[in-house]
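Hi,

Here is the structure I promised to pass on to you. Have a look at it first, and then read on for what turned up.

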Amino acid sequence: MPKFSANLGFLWRELPLLDRITAAGRAGFRAVELHGPYDTDAALVRAACEANAVTLVSINAPHGDGAKGDFGLGALQGRRDDFKASIEQALAYARAAGASAVHVLAGIVAEAEKPRAREIFEDNLAWAALQAPDLTLLLEPINQRDAPGYFHSTTTEVVSLIGTVGAPNLRLLFDVYHAAIGEGDILTRLERLMPVIGHVQIAAVPSRAEPDEGEIAYPAIFDALDRHGYAGWVGCEYRPRAGTDAGLGWVDRLGVRL
Ligand SMILES: O=C(O)[C@@H](O)C(=O)CO
Ligand SMILES: [Mg+2]
C-alpha cells in the first residue's frame with residue numbers, strides 16, 4: 001500500500017496553517033503538502049512538522065498575482081523577472097521549512113501564444129532546475145474544465161517539456177483527478193510514465209471529494225502504484241464532502257493505512 005500525505009491546500013482549510021499540520025498528524029498522516037505557505041514563517045512550519053512527526057513533501061511556488069488572474073508564471077511572456085523572484089522565494093522557503101519538492105506552475109496562456117510560451121517555459125525551467133539541485137521541481141497537468149487556458153493540461157505535454165529541458169530534478173506531478181478528466185486511461189498511463197513521476201495526487205472523479213466515490217476505482221490505482229514500485233507519497237488533494245475529520249472514513253473503506 002502506498003504512503004499518503006495530507007494536502008493542506010484542500011484539507012482542514014478552516015484552520016490556520018500550523019493547526020492544519022497538527023490536525024493532519026493527529027489524524028494519522030505521516031506527511032503533508034502545502035500550496036501557499038508564504039505568510040507563515042518557514043521555521044514555524046518546520047517545527048510544526050517535527051512536532052507532529054510529519055514529513056513536508058512539497059510546496060507550490062508562488063502563483064503570481066491572483067487578483068490579475070495569475071495561476072503561475074513559468075510560461076508567461078514578459079514575466080521572467082517575476083518568475084525568477086517567485087522561484088527564489090519558493091526554493092528558500094522549501095529549504096527553510098524542510099520540503100523536498102516545489103510545484104512550479106505554468107500560468108494561463110492563450111492558444112495562439114502557446115508556441116512562444118513553450119520556449120519561455122523551457123528556458124525558465126532550465127534556469128530553475130539549475131538553482132535547485134537539492135530539490136525536485138514538479139510540473140502538473142491541470143484539466144481545462146477546472147482551469148481554462150492553463151498552459152499544460154495533459155501528461156503528454158508535460159512529459160515532452162521535461163524531455164526537452166532534460167534536467168534530472170524535473171518530474172511529473174501525476175494528479176489522478178486531472179489526468180482522468182483530461183486524458184483517461186489512468187492505469188496504462190501510470191505504468192508508462194512511472195520513470196518520470198515525482199509525485200501523485202488523488203481525489204474522486206468528477207466530484208473531487210474523498211476518493212471513495214465516482215468513476216475511479218482507487219484500490220486498483222494503489223495496487224498499480226505498488227506493482228510499479230512507486231515509493232513516493234500519494235497526496236490526498238480532495239474537497240471533503242462535510243469536514244475533513246468527518247470524511248476520513250474512506251481510509252478504512254478502501255483498506256488504506258495512513
Ligand atoms: O491539482 C491542483 O489543483 C493542485 O495540485 C495545485 O497545486 C494547483 O494549485
Ligand atoms: Mg493536484
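A word on classes before the ligand: Ala, Val, Leu, Ile, Met, Phe, Trp, Tyr, Cys and Pro count as nonpolar, Asp, Glu, Lys and Arg as charged, and the others, Gly among them, as polar. Please also keep in mind that this is a predicted model.

With those classes, the shell around ligand 1 splits into five polar residues, three charged and one nonpolar. Its members are H35, N60, H103, E140, I142, D175, H178, Q201 and E237.

Next, the core. The largest nonpolar core holds 78 residues, and L8, A24, V32, V102 and V176 have the most contacts inside it. Helix α3 (residues 80-97) is the element that gives the most to this core, contributing seven residues. If you would like one residue to start from, try V32: beyond its neighbours within four places in sequence, V32 is in contact with S5, A6, L8, I21, A24, C49, V54, L56 and V57.

Finally, helix α8 (residues 218-227) is a nice one to view end-on. Its buried residues are Y218, I221, F222 and L225. Looking down the axis of α8, these buried residues fall within an arc of 100°, so they line one face of the helix. They pack against two helices, α6 (176-182) and α7 (186-193), and two strands, β7 (197-202) and β8 (233-236). On the other side of α8, the exposed residues include A220, D226 and R227. After α8 comes G229, with a positive phi near 75°.

Enjoy exploring!

Best wishes

Technical notes. Residues numbered from 1 in each chain as written. Chains lettered and ligands numbered in written order. Predicted model: local features only at pLDDT ≥ 70, side-chain atom pairs only at ≥ 80, totals over all residues. Core = buried A, V, L, I, M, F, W, Y, C linked by C-beta atoms within 7 Å. Buried ≥ 20, exposed ≤ 12 C-beta atoms within 10 Å, placed from the backbone. Helix = DSSP H or I, 4+ residues; strand = E, 2+ residues; numbered from the N terminus. Contact = placed C-beta atoms within 7 Å. Near = placed C-beta within 6 Å. Arc of directions from axis to C-beta.
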